Amino acid sequence: MGREILVVDDVYKTYPGGVRALHGVSLSIRKGEVVGLVGSNGSGKTTLIKVSLGLLSRDKGRVELNGVDPFKDPRARENVGIVFERPTLPSGIPVKRLLEIAAKIYGAPRDAVDEAIELAGLRGHEHKSFPQLSAGLKQRAAIAHALIAQPDFIVADEPTSNLDPLERVRVIELLSRLNREKGVTLLISSHIIYEIMRVAVRVVVVSKGRVVRDGRIDEILGSNVKARIRATKPSLVAEVLRRRGFKTKILGATVYASLDGRKEALMEALLEAEKLGAYIVSFDVAEPSIEEVLSLD
Amino acid sequence: MTNKSSSARRLLAIISLDLSDTLRPPGFDAMILLLAALGGSLAVIQPLTEGYVIVFSVLEVTIIAVTIFLALRGAAGITSLIENGVMNVYLSYPVSREGIALALLVSRVLVPSILLLGAPTLVASVILWRNVVESLAEVLAMYTAYLVQASFYGSVFALISLKAKTPGTSGVISVAFYFVYNVAAILLAQVGASRGVEELTQIANSMVLHIALYNMYSGAYNLEEWNLAFVPLAAGITASLFIAYFTARFEP
């Protein structure tokens, strides 16, 4: 395993007004890892990212980014590329000029600008200013800006929010490629767990300011893969499933059942429910959303 | 040495990045042209001979426009940076918070003040160049006094911008501060004069540096050293407060 790039140890953060955003959060990321940070909106992902980067102070706990406290020592952010949730960059100048200035700040060579434009797929749009770009291109510009840091570590906070499905896949693929080809360590946050699955091996689940899961994605999802059954008489279907030992939940006309690897038992239960008068409209096996992962605890 | 030059290079880069927002056209371009034209017009229509009077006649009107620009574009622009997330981008650079705060003061307060006060002064100086050359020290001193006064206002506005919720609120509170401050100076001067309380007059005089300097050159009042030190000191304190607050407490 590589060296630890980020260490967050027992961190607490309370916003003015008493809103506690982080409660004793601990997390560490090693060089070369791709870590997905998942959690519903308001769970504390963005606060955790900002505290980890030294953009926000903390009430208590230890944060080390590249071996130093990022709130006190700006050297912590050398070679760290950051993509923020709402892609925003200074808007008064063409993107290429902005990247040239950023290159001066990071001490990057001049050809780093062209390389970042090429790698982020921004070629042909680099002379436009940031507000003139489409949502997808804005995200690419933000990624190009992160690449100027010549990063060992990229932190991307909801990099696919506000993008259409095709652009989402492209952005995730681009980040994944950076890890494969350049060995860049990635921390990517999202509230859509299947998106994280495309790139991350390890997932950290945050809920109400706490880390509630931290492990390999298959381990975390393994126990939470569920059958989604649309049926008439959902209460009857749920009752039959419960009798056979399945954990269930009804949302409208849909019954969710935790599968726990018991596919055959599920099929038998559905046949029994049909015999008792329910009509199974459809069923599928699905990886859960983050809310579903948390609600099946 | 390498660290120092690297810090200076980064600081200059952030200043140039932020200036691209502060000085963006057409607002700044229109303003500087207007003020330059104003400086030229006033220099032509008023047959002035003494250096300090030339600068006073040109910049006494200009400073109102400069102050409003600093409130609505300079400082309110800081609130905009916070609101639209660009401040996060600045803070994500490997630059100290003190450095970013200093860069903001330079690009949001100092550079616009130098340029906006400088343009009409330069135009008037070109038109009345013989008189200006004869009293260059007075001209430079008066220009510097206006610059320090504007920097004081700008530093206060910058402090306000960090706590304001929206750029509009920041602009309105800043402009309100400017008027309250100046009205207070006028009231103190009037009460001091009508009641014969010399201390009040002295305080009023020291609240506006260029007026204090004008009075000194014209011999209208006997000034003490602290009369000239008050505004530079206040500007230094507010700028330091801005940097200290930004470094230790500010969270975007």
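Let's start with helix α4 of chain A, which runs over residues 135-148. Its 14 residues, at 1.5 Å a residue, should span 20 Å, and the end C-alpha atoms are indeed 20 Å apart, so expectation and model agree. Keep in mind as you look around that this is a predicted model.

How much of α4(A) is covered? Of its 14 residues, 12 are buried, so the helix is mostly covered, with buried meaning under 20% relative accessible area. Among these buried residues are G136(A), L137(A), Q139(A) and R140(A), and the list also includes H145(A) and I148(A). What do they pack against? Within chain A, the partners are the strands β5 (80-83) and β6 (153-157) and the helices α2 (95-106), α3 (111-120) and α5 (165-182). The buried residues of α4(A) also pack against α4 of chain B. Just past the helix, Q150(A) takes a positive phi of about 50 degrees.

That link to chain B leads us to the contact between the two chains. Chain A gives 26 residues to the contact and chain B gives 25. Together the chains bury about 2,300 Å², with 59% of that area on carbon and sulfur atoms. On the chain B side, Y93(B), P94(B) and E251(B) supply 24% of the area buried against chain A, more than any other three residues.

Polar and charged groups take part here too. There are two salt bridges between chain B and chain A. In a salt bridge that joins the chains, the side chains of R10(B) and E78(A) meet at 2.9 Å, N to O. The chains also share 11 residue pairs in polar contact, counting pairs with both residues at pLDDT 80 or more.

Which elements of chain B give two or more residues to the side that touches chain A? They are α1 (2-22), α3 (51-84), α4 (86-92) and α11 (225-248). The largest share comes from α1(B), with seven residues. Sorted by class, this side of chain B has 12 nonpolar, eight polar and five charged residues.

Finally, let's visit a single residue, S174(B), which sits in helix α8 (residues 167-195) of chain B. Is S174(B) buried or exposed? Its relative accessibility is 0%, so S174(B) counts as buried. Leaving aside residues up to four places away in sequence, S174(B) touches A71(B), F157(B) and I160(B). As for F28(B), it lies 146 residues from S174(B) in sequence, and their C-alpha atoms are 19 Å apart in space.

Notes. Residues are numbered from 1 along each chain as its sequence is written. Chains are lettered from A and ligands numbered from 1 in the order in which they are written. This is a predicted model: local features need pLDDT of at least 70, side-chain atom pairs count only at pLDDT 80 or more; totals for chains, interfaces and linings use all residues. Side-chain values use heavy atoms; hydrogens and water are left out. Contact means heavy atoms within 4.5 Å. Buried area is the accessible area (1.4 Å probe) that two parts lose on being put together, summed over both. A salt bridge is a side-chain nitrogen of Lys or Arg within 4 Å of a carboxyl oxygen of Asp or Glu. A polar contact is a pair of N or O atoms within 3.5 Å; within protein, one must be able to donate a hydrogen and the other to accept it, and residues adjacent in sequence count only if both atoms are side-chain atoms. Helices (H or I, at least four residues) and strands (E, at least two) are DSSP runs, numbered from the N terminus. Ala, Val, Leu, Ile, Met, Phe, Trp, Tyr, Cys and Pro count as nonpolar, Asp, Glu, Lys and Arg as charged, and the others, Gly among them, as polar. The expected span of a helix is 1.5 Å times one less than its number of residues. Buried means under 20% relative accessible area, exposed over 50%, partly exposed in between (1.4 Å probe, protein chains only).
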